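Visitor: I should like to go through the terms used for this model and hear the grounds for each. May we set every value against its cut-off?

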Amino acid sequence: MAAERILVTGGTGYIGSHTAVELINAGYQVVIIDNLSNSSRDVIDGIERITGVRPDFVEGDCTDIDTLRRLFAEYPGIKGIINFAASKAVGESVKKPILYYRNNLDTLLNLLDLMADNGVKGIVFSSSCTVYGEPDVNPVTEQSPIKKATSPYGNTKQISEEIITDVIAAGAPFKSIILRYFNPVGAHPSAEIGELPNGVPQNLIPYLTQTAMGIREKLSVFGDDYNTPDGSCIRDYINVVDLAKAHVIAVRRMLDDASEAPIEIFNLGTGKGVSVLELINTFESATGVKVPHVITGRREGDIEKVWADPSYANNVLGWKAETPLADTLASAWNWQKRLRERGIM
Ligand code: WQD
């Protein structure tokens with residue numbers, strides 16, 4: 001049977017590129033569309049260096065439906081879609097809500113609008129633990145209450161899940177699997193691809209590795225006066241390759257019509273909560289590299305503690321986040337060193 005074709009929107013981004021690698025490794029034909037607003041075309045070369053296969057690539061914006069129409073015509077037979085294409089910086093979303101609602105929602109609406117006419121069987125949607133807000137109880141299950149979003153970014157994820165639900169309830173002839181990520185971190189073990197945010201990193205790990213490399217003077221730990229064992233915030237840091245593998249399982253599940261319902265939702269986390277200070281210590285012991293850091297005030301909008309109960313994904317998808325945090329942080333450091341070797345950073 002010819003390799004099944006999967007469309008990966010936002011596929012030169014951090015999670016998208018790692019997922020493209022795992023899809024190719026699993027024998028799928030991959031078409032990537034990305035507007036390169038937060039990534040670069042070099043990522044396609046990295047994917048090819050890892051897999052020996054160059055994915056098809058379209059530089060384009062998924063908010064333009066004619067761009068997508070042309071893509072479906074150029075690459076017929078797309079069986080599944082994984083939608084990563086979205087703006088994802090919580091702080092930026094507060095400053096630029098229109099950009100976030102337009103980019104994240106128009107992209108999804110365009111994809112859903114074109115799927116039936118193009119025979120696409122299912123869409124995997126990249127959601128986030130952000131939809132839970134500050135959970136009353138940890139660990140968080142898929143039944144944990146959805147709290148009012150604390151940012152336009154988080155709201156776009158909640159609204160997107162509702163859009164998918166309504167479109168499928170209206171009889172759309174396809175399925176969806178919604179994956180709620182906790183905190184994706186790390187890089188491919190080859191150090192050919194990894195997280196490469198534009199400008200000053202908002203997320204902890206890229207800021208930490210850039211500080212370890214001397215690019216940043218010191219890491220600010222945003223508060224140590226939370227109600228946690230060491231006072232710093234707790235998150236569920238999940239290896240990006242483990243996360244990518246869950247997407248391949250989800251695609252297969254939809255294409256095999258194995259889904260138990262038209263929409264399935266899974267938390268993707270390790271099930272272990274780790275504090276910022278614990279993470280810094282783990283990085284230092286895993287790499288032997290010190291991370292100069294200082295305790296500062298809290299960051300507005302930060303959640304105190306959130307980590308996953310991943311048992312539903314473990315049991316139903318047969319998937320588990322396996323990589324130890326120390327190895328994950330070592331992979332992030334190897335990636336940062338590779339960027340230095342290449343003169344990129
Ligand atoms: C992690 C922890 C900070 C930077 C967000 C989105 C989520 C997802 C991942 C897209 C927090 C602390 C951070 C720093 C710090 N986005 N921190 N100093 O906020 O948990 O999640 O990014 O997929 O949807 O909400 O991730 O990496 O920004 O922060 O102390 O310089 O590190 O306070 O406790 P966050 P993060």
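Visitor: What makes the approach of Arg 299 to the ligand a polar contact?

Guide: In this predicted model, a polar side-chain atom of Arg 299 is 2.9 Å from an oxygen atom of the ligand. A polar contact is a pair of N or O atoms within 3.5 Å, so the pair qualifies. Two further residues make such approaches: Asn 203 through a side-chain N or O atom at 2.9 Å from a ligand oxygen, and Leu 204 through a backbone N or O atom at 2.8 Å. The ligand alone exposes 680 Å², of which the protein buries 90% (Shrake-Rupley areas, 1.4 Å probe).

Visitor: On what basis are these values given?

Guide: Because the model is predicted, local features need pLDDT of at least 70 and side-chain atom pairs count only at pLDDT 80 or more, while totals for chains, interfaces and linings use all residues. Residues are numbered from 1 along each chain as its sequence is written, and side-chain values use heavy atoms, with hydrogens and water left out.

Visitor: How many residues surround the ligand, and what classes do they belong to?

Guide: There are 19 around the ligand, each with a heavy atom within 4 Å of it. The closest are Thr 130, Leu 204, Ser 220, Arg 235 and Asp 302. Nine of the shell residues are nonpolar, six polar and four charged; Thr and Ser count as polar, Leu as nonpolar, and Arg and Asp as charged. Strand E8 (residues 219-222) gives the largest share, four residues. A strand here is a DSSP run of at least two residues (E), and a helix one of at least four (H or I), numbered from the N terminus.

Visitor: How do you know that Arg 252 and Glu 4 form a salt bridge?

Guide: The term requires a side-chain nitrogen of Lys or Arg within 4 Å of a carboxyl oxygen of Asp or Glu. Between Arg 252 and Glu 4 the N to O distance is 2.7 Å, and the pair therefore meets the definition. Arg 252 belongs to helix H8 (residues 240-255) and Glu 4 to the segment before strand E1 (5-9), 248 residues apart. The structure holds 23 salt bridges.

Visitor: Why is Glu 4 called buried, and why is Arg 252 called partly exposed?

Guide: Buried means under 20% relative accessible area, exposed over 50%, and partly exposed in between (1.4 Å probe, protein chains only). Glu 4, at 18%, is therefore buried. Arg 252, at 27%, therefore counts as partly exposed.

Visitor: What makes the pairing of Glu 192 and Arg 338 count as a salt bridge?

Guide: Their closest N and O atoms are 3.5 Å apart, so the pair lies within the limit. Glu 192 is in the loop between strand E7 (183-185) and helix H7 (204-212), and Arg 338 is in helix H11 (residues 325-341), 146 residues apart. Glu 192 is buried at 18%, whereas Arg 338 is partly exposed at 23%. Both also belong to a network of salt bridges with Arg 49, Glu 341 and Arg 342.

Visitor: Buried or exposed: which applies to Glu 260, and which to Arg 253?

Guide: Glu 260 has 61% and is exposed; Arg 253 has 11% and is buried. The two side chains form a salt bridge at 3.8 Å, N to O.

Visitor: Why are the backbone at Ala 191 and the bond before Pro 139 worth remark?

Guide: Most residues other than glycine have a negative phi, and most peptide bonds are trans. Ala 191, in the loop between E7 and H7, has a positive phi of about 60 degrees, and is buried at 5%. The bond from Asn 138 to Pro 139 is cis, with omega near 0 degrees.

Visitor: Why is Gln 210 called buried, and what does it touch?

Guide: Gln 210, in helix H7, has a relative accessible area of 2% and is therefore buried. Beyond neighbours within four places in sequence, Gln 210 is in contact (heavy atoms within 4.5 Å) with Pro 201, Ile 215, Arg 216, Gln 336 and Met 345.

Note on methods. Polar contact = N/O pair within 3.5 Å; in protein donor to acceptor, adjacent residues only side chain to side chain.
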